[in-house]
Every structure is written in structure tokens, then in C-alpha cells.
Amino acid sequence: MHPFRKAVEDRDARAMIDLLAENVVFTSPVAFKPYPGKAITGAILRGVLRVFEDFAYVREIGDPDGRDHALVFTATVGGKRLHGCDFLHLDEDGRIDELTVMVRPLSAAQALAAAMAAEFDRIAAEAAAGAADAADAADVTGAADR
């Protein structure tokens, strides 16, 4: 079992975010532009945990030692049942540097878009706080090197 799958199934947001590379790019099933960076991706993942009901991975596809994985899932959002897939690409350090999500059918994707739009202000605030925390950590690390 991929560690990201375990973290999601455990609803462990910290473990999910710890698996992300700093330069991760999240491609949403309901937004045109990808979201670059760990802070925004982490905030989106926490938002998804809040809006998905009855979430379950049903299949994992990929070489356990490889860098590409597909995790097929089902969930309910706004009363609509959806099927989806998380496509993960790992960098050379084993961290997720690309996370692409696809969902179907269209009615469920629309329900997901509406639910995530309702979370957007909170997601943006969490991302800003996460970026500030990362900058503070970099300042501390940089100061130690001087």
C-alpha cells in the first residue's frame, strides 16, 4: 500500500502533507490552472477531507518501487456519488511532486466544484499560513547557516 493511500484512508492530513515535495503541482479535476506548491496543495487536501463523504480507495495501480501510481477511489459529495483517480508522480526522494485528480460523472464533478468553492476562503487562508510557516522555517535554517 502506498503511504499516501494509508494517510488518506487514516484521514491523517499531516501525514499526507509530509509526503508532498515542496515544489508539488496539484492538478484539480474542477479547476483549469494547476496549483503549484506544498502550502496550497496541503490546504486543498484538507479541504477535500472536509467535503468528501464515504471516501474509499478501491484499487491501487503501479509498481510498488516505481515513481508513478494511480489510486482509484469512490466518494460522495453533495449527495452525488463519484468515481475518481489520484495520479501520483514521485520525485527522486520519493516525495509526491505531481498530484493529478480526475473524477466522473459530470454531475459529481459539478458537486465537487461547488463544495470546494464553498471552502475556498478557508483553503486560501490555510495556504497563506502554510507558506508563512515554511518561510519562517527557511529563515531559521538560513540563520543557522550564517
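Here, two residues are in contact when heavy atoms of theirs lie within 4.5 Å of each other. Keep that in mind as you click around this model, which is predicted.

**Stop one: D86**

Select D86, in strand β5, which covers residues 80-90. Now show what surrounds it. Setting aside its neighbours within four places in sequence, D86 is in contact with F4, Y57, H69, A70, L71, F73, L99, T100 and V101. Pick out Y57 from that group: its side chain makes a polar contact with the side chain of D86, at 2.6 Å.

Which side chain of opposite charge is nearest to D86? That's R5, 9.4 Å away. D86 is buried, yet has no salt bridge.

**Stop two: the nonpolar core**

Next, colour F4, F52, L82, I96 and L99. In the largest nonpolar core, which has 36 residues, these five touch the most other members. Several elements chip in: α1 (3-9), β1 (20-27), α3 (38-51), β4 (68-77), β5, β6 (96-104) and α4 (106-145) each supply at least two residues of this core. Which of them gives the largest share? Helix α4 does, with eight residues.

You've already met two of the coloured residues, since F4 and L99 are among the contacts of D86. Zoom in on L82 for another view. Leaving out residues up to four places away in sequence, L82 touches F52, F73, T74, A75, V77, V103, R104, P105 and A108.

**Stop three: helix α3**

Now select residues 38-51, helix α3. Try the distance tool on its two end C-alpha atoms: they are 20 Å apart, and that agrees with the 20 Å that 14 residues should span at 1.5 Å a residue.

Is this helix largely enclosed or not? Of its 14 residues, 11 are buried, so the rest of the structure largely encloses α3. To see them, highlight K38, I40, T41, G42, A43, I44, L45, G47, V48, L49 and V51.

**Stop four: R50 and its partners**

Stay in α3 and show the side chain of R50. Opposite charges on side chains can pair when the charged atoms come close. What does R50 pair with in helix α4?

- E119 forms a salt bridge with R50, with the closest N and O atoms 2.6 Å apart. R50 in α3 and E119 in α4 are 69 residues apart, so to speak a link between distant parts of the chain.
- E126 also meets R50 in a salt bridge, at 3.3 Å from N to O. This pair again links α3 to α4, with the two positions 76 residues apart.

Switch on a surface and compare the three. R50 counts as partly exposed, at 29% relative accessibility. E119 is buried, with a relative accessible area of 16%, and E126 counts as buried at 17%.

**Stop five: R67 and E92**

Move over to R67 and E92, whose side chains meet in a salt bridge at 4.0 Å, N to O. R67 sits in the loop between β3 (53-61) and β4, while E92 is in the loop between β5 and β6, so the pair ties together parts 25 residues apart in sequence. R67 is partly exposed, with a relative accessible area of 40%; E92 is exposed, at 65%.

**Last stop: the network**

Finish by selecting R46, R50, E119, R122 and E126 together. Salt bridges that share partners join these residues into one network. How many salt bridges are there in the whole structure? A search finds 10.

Note on methods. Residues numbered from 1 in each chain as written. Predicted model: local features only at pLDDT ≥ 70, side-chain atom pairs only at ≥ 80, totals over all residues. Heavy atoms only, no water. Helix = DSSP H or I, 4+ residues; strand = E, 2+ residues; numbered from the N terminus. Buried < 20%, exposed > 50% of the residue type's maximum accessible area, 1.4 Å probe, protein only. Lys, Arg positive; Asp, Glu negative; His and termini not counted. Polar contact = N/O pair within 3.5 Å; in protein donor to acceptor, adjacent residues only side chain to side chain. Core = buried A, V, L, I, M, F, W, Y, C linked by side-chain atoms within 4.5 Å. Expected span 1.5 Å × (residues − 1).
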